[in-house]
Amino acid sequence: MSLENLELFEVFVRSSRGLDHKHVGSLHAEDAEHALDYARDCYTRRSEGISIWVVKSADICSSQEDDAPEFFDPSDDKPYRHATYYPLPKEVGNM
Amino acid sequence: MLDLKEKTKQYSTRLGDDSLILGHRISEWTSNGPFLEEDIALGNVALDYIGRARMFYTYAADLAGNGKTEDDLAYLRSEREFQNYLINELPRGDFAFTMVRQLFVDVFFSYYLKALTNSNDTELAAIATKSLKETRYHLRRSRDWTLRLGLGTDESKARMTKALAEIWGYVHELFEPDELELELIACGIAVDTREIKDNWFADIGAILSEADLAIPDAEWAVRGGRKGYHTEHLSMLLSVMQSVHRAHPGANW
């Protein structure tokens, strides 16, 4: 079987202590169910997880490097969006 | 007349033989798998079987109580002393052959190990409980691949059909307990595979039918594994598997 018959999937695993699924890597499989089995075999061999998500890589819409100036730079000069920007009145004490 | 301990030792040894020989056969796919993910998955299954063999052999060595270890049983016995079912020693063939064998063995073990969890021998029952979870996952895989290949392309279907025809004659001995097993069945220790037979045929029939594959109507049957009569393939497997241990006796990692 050649890889051209297979699709690429991204794998997310939640560890027993973790609250959220974390991206751990990708793999090739024929469909989602198949990908789930391989995720189990490739990414949870050492008891890393208790829950697995797989998503077709092609279904992920991601930001592009070219977009970075418009996407991320504008927030660099807006410190008032951080809570630490605001001094607390003495009366509030430790929040 | 052998006592019960000696018989249980022999029984545990042959269960170890089944797992070790099949585990070795599957391990031959390592670095030869159809693609990376399947290569790793097959390696996991091979390790499950080799781990299972270790448990059965360790228990057999404990029962023997003569200072021999699991390694003696795995690496220092000859072909005639192995009592694995013949289906486990057949060369891995192509991927379809490997998957048909896995399907047959996985369905068999899913019933066998479940029955063994009720054994009067608590050690064997404990090994079965641990192994049953692995087998359920193996069956999920082999069933899935049977459907994919049976319903896949003309090529994959033809290969599955050929593999079914080549393996079918080796399934019959699975359901024919020998004298040792009959005695242990009477003691509530061994599994009576005659009671598994109908379920096995029903499950295999259902899976193959879903995969648009037919049960072969072949009449031939090969027997002898439990007596130590093997195909010509086992001696070659053993010579490879045992070569390092025999060349460096007693070596430690």
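**Helix packing within chain B and its contact with chain A**

The axes of α1(A) and α2(B) come within 9 Å of each other and cross at roughly 65 degrees. The two helices are therefore roughly perpendicular, α1(A) to α2(B). The model described here is a predicted one. In this model, α1(A) passes α2(B) in a left-handed crossing. On the chain A helix, Y38(A), D41(A) and C42(A) take part, and they meet E37(B), I40(B), A41(B) and N44(B) of α2(B). Sorted by class, the contact of α1(A) with α2(B) holds four nonpolar, one polar and two charged residues.

This crossing can be placed in the setting of the two chains. Twelve residues of chain A are in contact with eight residues of chain B. On the side of chain A that touches chain B, the elements giving two or more residues are β2 (22–29) and α1 (32–43) of chain A. Of these, α1(A) gives the most to that side, with four residues. By class, the side of chain A that touches chain B has seven nonpolar, one polar and four charged residues.

Helix α2(B) also has a partner inside its own chain. The axes of α2(B) and helix α5 (residues 122–150) of chain B come within 11 Å and cross at roughly 165 degrees. An angle over 145 degrees counts as roughly antiparallel, so α2(B) is roughly antiparallel to α5(B). The crossing of α2(B) past α5(B) is left-handed. From α2(B), the contact draws on A41(B), V45(B), D48(B), R52(B), M55(B), F56(B) and Y59(B), while α5(B) supplies E123(B), I127(B), S131(B), E134(B), H138(B) and R141(B). In terms of class, the contact of α2(B) with α5(B) comprises six nonpolar, two polar and five charged residues. A41(B) deserves a second look: this α2(B) residue is among those met by α1(A), and A41(B) also belongs to the contact with α5(B).

A further helix pair in chain B joins α4 (residues 95–116) and α8 (residues 197–210), which pack at an angle of about 140 degrees with their axes 10 Å apart. Helices α4(B) and α8(B) are therefore oblique to each other. Here α4(B) passes α8(B) in a right-handed crossing. The α4(B) residues L103(B), F104(B), V107(B), F108(B) and Y111(B) meet N199(B), W200(B), D203(B), I204(B) and I207(B) in α8(B). By class, this contact of α4(B) with α8(B) has eight nonpolar, one polar and one charged residues. The polar residue is N199(B) and the charged one is D203(B).

Following α8(B), the loop between α8 and α9 of chain B contains D212(B). Phi of D212(B) is near 60 degrees, a positive value in a residue other than glycine. Most residues other than glycine have a negative phi. D212(B) counts as exposed because 12 C-beta neighbours lie inside 10 Å, and the exposed class takes in residues with 12 or fewer. A second residue of this kind is S31(B), which has a positive phi of about 75 degrees although it is not a glycine. S31(B) sits in the loop between α1 and α2 (36–64) of chain B. With 7 C-beta neighbours inside 10 Å, S31(B) also counts as exposed.

Helix α9 (residues 233–241) of chain B has L234(B), L237(B) and L238(B) as its buried residues. These three cover an arc of only 95 degrees around the axis, and they therefore lie on the same side of α9(B). The face turned away from that buried side carries the exposed residues S239(B) and V240(B). What do the buried residues of α9(B) pack against? Their partner is α1 (4–27) of chain B.

Helix α1 of chain B also includes L4(B). L4(B) is partly exposed, as 13 other C-beta atoms lie within 10 Å. Between L4(B) and Y85(B) the separation is 81 residues in sequence and 22 Å in space, taken from C-alpha to C-alpha.

Note on methods:
Residues are numbered from 1 along each chain as its sequence is written. Chains are lettered from A and ligands numbered from 1 in the order in which they are written. This is a predicted model: local features need pLDDT of at least 70, side-chain atom pairs count only at pLDDT 80 or more; totals for chains, interfaces and linings use all residues. A residue is buried if 20 or more other C-beta atoms lie within 10 Å of its own, exposed if 12 or fewer, and partly exposed in between; C-beta atoms are placed from the backbone. The arc is that of the directions from the helix axis to the C-beta atoms. Two residues are in contact if their C-beta atoms, placed from the backbone, lie within 7 Å. Axes are lines fitted to C-alpha atoms, for helices over the stretch in contact, and angles run from 0 to 180 degrees between N-to-C directions. Angles under 35 degrees count as roughly parallel, over 145 as roughly antiparallel, 65 to 115 as roughly perpendicular and the rest as oblique. A crossing is left-handed if the near helix is turned anticlockwise from the far one by less than a right angle, and right-handed if clockwise.
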